[in-house]
Amino acid sequence: MDAASRAPLCSNRTRRARRAALTAGAALAALLVSACGSGGTSGGGGNTNFVTGTDGIATAAKGERTPAPELSGKTIDGKTLDVADYKGKVVVLNVWGSWCNPCRAEAKYFAKVSEEYAGKGVQFVGINTRDTSTGAALSFEKDFGITYPSLYDPTGKLLLRFKKGTLNPQAIPSTLILDRDGKIAARSLSALSEERLVKMLKPVVAEK
């Protein structure tokens, strides 16, 4: 194939790659517009199969939950982590950034509750996003006594794996509770107090 015949093919591939990059960038931008805000609520209508309570906590019935996407990679301390390895446990996923004031406000509650539930079949996992280096994130964890691991997701690629119309993270901070089958049982799109965090967690832990 000569250069002239290859040109249209290369051009088409280039255009497709650019479109894919723009789509991903737009989706990430939409998520980050709500970054570090007071959060919001959605759901309960159409085919979403979940209901948002007056406290802002959205829940899905056991038979109507969506599996969490594949969430794996390097942690902020350089280790390898795959959330799927925790199947059989209830998993608390917290999306946070060291730069985020609401994240800082809730961090002490996550540190405390994670310790209290460590022996009850519960695993906490953070997803650290928009931190340009791991140094600030590591300092954040040290300051607030957080001992559970956090995946390092500076560009939000892991967050974009969640399907729209599900209990997906849409703000920073966001918190999701995964049941023992790795499905999303509950979500909050705002900073949590200790009381609200435990309120989200207890019903899923109690499930048989």
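In strand E9, Ala186 is the bridge partner of Thr59. This pairing belongs to a predicted model, and the report below follows the sheet outward from it.

**The sheet**

Strand E2 (residues 58-59) runs antiparallel to E9, with two bridges between them. Helix H3 packs on the sheet, where it touches E5, E6 and E7. The direction of H3 makes about 125 degrees with that of E5. The sheet is open and is formed by seven strands in the order E1-E2-E9-E8-E5-E6-E7, with mixed pairing. Its edge strands are E1 (51-52) and E7 (150-153), each of which pairs on one side only.

Three antiparallel pairings in this sheet are listed here.

| Strand pair | Bridges | Opposed residues |
|---|---|---|
| E2 (residues 58-59) and E9 | two bridges | Thr59 and Ala186 |
| E8 and E9 (residues 184-188) | four bridges | Thr175 and Ser188 |
| E5 (residues 90-96) and E8 | five bridges | Leu93 and Leu176 |

**Strand E8**

E8 covers residues 174-178, and five of its five residues are buried. In a regular strand the side chains alternate between the two faces of the sheet. On one side of E8 are Ser174, Leu176 and Leu178, and on the other are Thr175 and Ile177; all of these are buried, so both faces count as covered. Two of these residues also appear in the pairings: Leu176 stands opposite Leu93 of E5, and Thr175 stands opposite Ser188 of E9.

E8 and E9 form a hairpin with five residues between the strands. In this hairpin Gly182 takes a positive phi near 80 degrees.

**The nonpolar core**

The largest nonpolar core has 50 residues. Those that touch the most other members are Val83, Val92, Leu93, Val122, Phe124, Ile177 and Leu201. Two or more residues come from each of E5, helix H2 (101-116), E6, helix H3 (134-144), E8, E9 and helix H4 (194-206).

Leu93 and Ile177 link this core to the strands described above: Leu93 stands opposite Leu176 in E8, and Ile177 is one of the buried residues of E8. For Phe124, leaving aside residues up to four places away in sequence, the contacts are Val92, Phe110, Val113, Ser114, Tyr148, Pro149, Leu197 and Leu201.

**Two buried polar residues**

Asn128 is part of strand E6 (residues 122-129). Its relative accessibility is 0%, so Asn128 counts as buried. Beyond residues up to four places away in sequence, Asn128 touches Ile76, Trp96, Gly97, Ser98, Ala137, Leu151, Tyr152, Asp153 and Pro154.

Thr75 sits in the loop between strand E3 (72-74) and strand E4 (80-82). Thr75 is buried because its relative accessible area is 5%, and buried means under 20%. Counted in the way used for Asn128, its contacts are Leu81, Pro149, Ser150, Leu151 and Tyr152. Leu151 and Tyr152 are thus found in the contact list of Thr75 and also in that of Asn128.

**Cavity**

How many cavities of 30 Å³ or more does the structure hold? There is one. The largest cavity has a volume of about 50 Å³. Its lining is made by 10 residues, and those nearest its centre are Ala60, Glu64, Arg65, Thr66 and Leu167.

Note on methods
Residues are numbered from 1 along each chain as its sequence is written. This is a predicted model: local features need pLDDT of at least 70, side-chain atom pairs count only at pLDDT 80 or more; totals for chains, interfaces and linings use all residues. Side-chain values use heavy atoms; hydrogens and water are left out. Buried means under 20% relative accessible area, exposed over 50%, partly exposed in between (1.4 Å probe, protein chains only). Contact means heavy atoms within 4.5 Å. Two strands pair if DSSP finds at least two bridges between them. A nonpolar core is a set of buried Ala, Val, Leu, Ile, Met, Phe, Trp, Tyr and Cys residues joined through side-chain atoms within 4.5 Å. Axes are lines fitted to C-alpha atoms, for helices over the stretch in contact, and angles run from 0 to 180 degrees between N-to-C directions. On a 1 Å grid over the protein atoms alone, a cavity is a set of points where a 1.4 Å probe fits but cannot get out, and a pocket is an open set with protein on both sides within 12 Å along at least five of seven lines; lining residues have an atom within 4 Å of a point. Grid points are joined across faces, edges and corners, and a volume is the space filled by probe spheres set on the points.
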